[in-house]
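Q: Please take a close look at the surroundings of the ligand, and at the elements that build them.

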Amino acid sequence: MAAMITVDFQNSFIFILFCLFSLICYSLFFRKPKDSRAGRDLPPSPPSFPVGSPQSNNLHLLLSALVHKSFQKISYKYGPLLHLRVFHVPIVLASSASVAYEIFKAQDVNVSSRGHAPAGESLLFGSSSFFFAPYGDYFKFMRKLIATKLLGPQALERSRKIRADELDRFYRNLLDKAMKKESVDIVEEAAKLNNNIICKMIMGRSCSEDNGEAERVRGLVIESTALTKQIFLGMIFDKPLKKLGISLFQKDIKSVSRFDELLEKILVEHEERMGKHYKANDMMDLLLEAYGDENAEYKITRNHIKSLFVDLVIAGTDTSAQTIEWTMAELINNPNILERLREEIESVVGNTRLVQETDLPNLPYLQAVVKEGLRLHPPGAVFLRTFQERCELKGFYIPEKTLLVVNVYAIMRDPKLWEDPEEFKPERFIASSRSGQEDEIREEVLKYMPFSTGRRGCPGSNLAYVSVGTAIGVMAQCFDWRIKGEKVNMNEAAGTLVLTMAQPLMCTPGPRTLNPLPSSLHVPIS
Ligand code: HEM
């Protein structure tokens with residue numbers, strides 16, 4: 001008997017718990033958010049699940065393997081400005097240049113926050129993160145510092161030698177593989193190149209392979225990048241899940257908090273050097289100067305410095321590496337384009353030295369190849385922001401705290417704006433072949449935005465263009481590339497936020513007979 005009562009009690013207890021849990025879920029996920037739209041319409045919505053219910057749910061779109069493609073499909077079918085709802089979260093999906101233009105023309109400040117940092121106090125995606133900083137004093141201070149001192153034109157000129165040395169190292173490594181007839185994992189080599197460049201620009205020359213710091217950072221970046229899909233979901237569901245006591249990735253974040261230990265060591269080393277009449281020459285020095293400046297417009301903390309380091313390495317490494325991989329894949333699949341590129345390089349640079357940054361303005365076809373690679377394969381296929389305040393967009397009402405998803409991938413393949421949008425045609429970016437009127441249509445200026453736009457657009461675009469441009473230039477100039485099979489498989493990997501190839505590009509370099517560039521022939525790169 002006693003046993004039976006216990007069982008009954010347990011059952012009712014479970015039942016009550018179940019009811020409570022359902023109630024909480026209902027209020028968190030299914031409660032209709034308050035809005036005061038006073039008769040104004042939300043943008044149109046595609047059919048949702050459960051069909052026709054007031055709590056319509058487009059969750060399946062977010063959970064699909066290729067989110068940008070699912071979004072692209074529904075925008076073709078239902079229009080370029082859509083209102084979606086995932087549980088209680090309202091989302092506006094923008095999929096055309098003209099909608100993006102309307103948003104960034106009138107609402108740039110309003111959409112200049114990404115929403116709540118999903119990872120508490122962690123250096124990675126936590127409250128000190130620049131990437132997640134709301135549009136406010138800290139963001140403005142740091143953004144100015146980045147645009148002027150860290151990644152601005154003068155800073156890039158000062159750090160040119162770092163990139164030239166790394167490009168040379170990249171070339172020699174490929175030459176070594178070519179001599180041994182070994183195959184190369186392009187994205188891995190490209191990621192090493194970009195990781196070394198960014199680490200050295202931030203930490204200075206002391207960050208060498210000898211003490212293994214760049215390697216350690218690379219390992220941490222790989223672990224962190226694996227979390228990006230969770231961040232995407234975290235940005236949307238973080239608050240309600242936290243209320244339910246569920247953390248999407250707290251454990252993983254802890255495991256990458258080893259960044260903190262490494263960065264503290266590097267900070268202390270820089271501080272010690274600064275005492276001895278040291279002149280600031282890398283980003284860490286400049287950030288420490290701002291940290292120590294009593295009169296600075298904003299008082300940054302050590303955590304801000306460390307978080308910015310993490311943001312820059314994560315934002316700059318894989319994006320550039322994936323661009324190099326996708327663009328090389330397109331060149332291998334389009335031998336005529338590769339040939340035309342080589343002709344340009346040969347006529348401008350010759351075959352006795354490597355392509356270098358200062359050649360880029362004289363290599364318009366190389367620039368067009370990189371731009372076209374980014375158009376078809378933007379590493380950030382979609383980007384997310386939040387409407388801080390309610391507003392009107394194209395005559396529709398947008399409630400405050402609506403999440404904005406801009407589908408850059410769909411915009412840059414829009415058949416209304418791009419001829420043969422699925423084809424790799426760098427010529428489209430050569431000025432003389434354009435009608436000359438396209439860019440005059442203001443609503444179309446945002447048809448090309450691999451680096452996003454507005455106040456939160458990418459501050460690393462100039463660095464990315466030179467790093468990617470010179471890497472592609474050297475790979476085309478110095479090697480023939482052999483793959484297994486006829487064509488590179490251009491499928492996209494599922495479940496990643498940075499657009500990634502489903503099968504990494506593996507190919508074997510062969511030194512080009514016309515211009516083998518033995519290292520003795522190198523003209524020193526200044
Ligand atoms: C091909 C390479 C790259 C691509 C395609 C790319 C793309 C983007 C995009 C689309 C955004 C903005 C997302 C939004 O609007 O919400 C962004 C932001 C950002 N990127 Fe890049 N990026 C690249 C390389 C770099 C590099 C090399 C760095 C620096 C080392 C960098 C640093 C950043 C930072 C710090 C942000 C955040 C800006 C802010 O919140 O104000 N990126 N990037």
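A: The shell around the ligand divides into 14 nonpolar, eight polar and four charged residues, where Ala, Val, Leu, Ile, Met, Phe, Trp, Tyr, Cys and Pro count as nonpolar, Asp, Glu, Lys and Arg as charged, and the others, Gly among them, as polar. This is a predicted model, in which local features need pLDDT of at least 70 and side-chain atom pairs count only at pLDDT 80 or more, while totals for chains, interfaces and linings use all residues. Residues are numbered from 1 along each chain as its sequence is written.

Of the 26 residues around the ligand, those that come nearest are G316, T319, S452, C458 and G460; a residue counts as near if its C-beta atom, placed from the backbone, lies within 6 Å of the molecule. Helix 14 supplies the largest share of the shell, seven residues, and helix 14, strand 4 (382-386) and helix 18 (461-478) each give at least two, helices (H or I, at least four residues) and strands (E, at least two) being DSSP runs numbered from the N terminus.

The axes of helix 14 and helix 18, lines fitted to C-alpha atoms over the stretch in contact, with angles from 0 to 180 degrees between N-to-C directions, come within 10 Å and cross at roughly 35°. Among the residues that meet there are G316, T319 and I324 in helix 14, and L463, A471 and I472 in helix 18, contact requiring C-beta atoms, placed from the backbone, within 7 Å. By class, this contact has 10 nonpolar, six polar and no charged residues. A471 also touches L167, F170, A190 and L193, among others.

How values were computed:
Two residues are in contact if their C-beta atoms, placed from the backbone, lie within 7 Å. Lists of a residue's contacts leave out its neighbours within four places in sequence.
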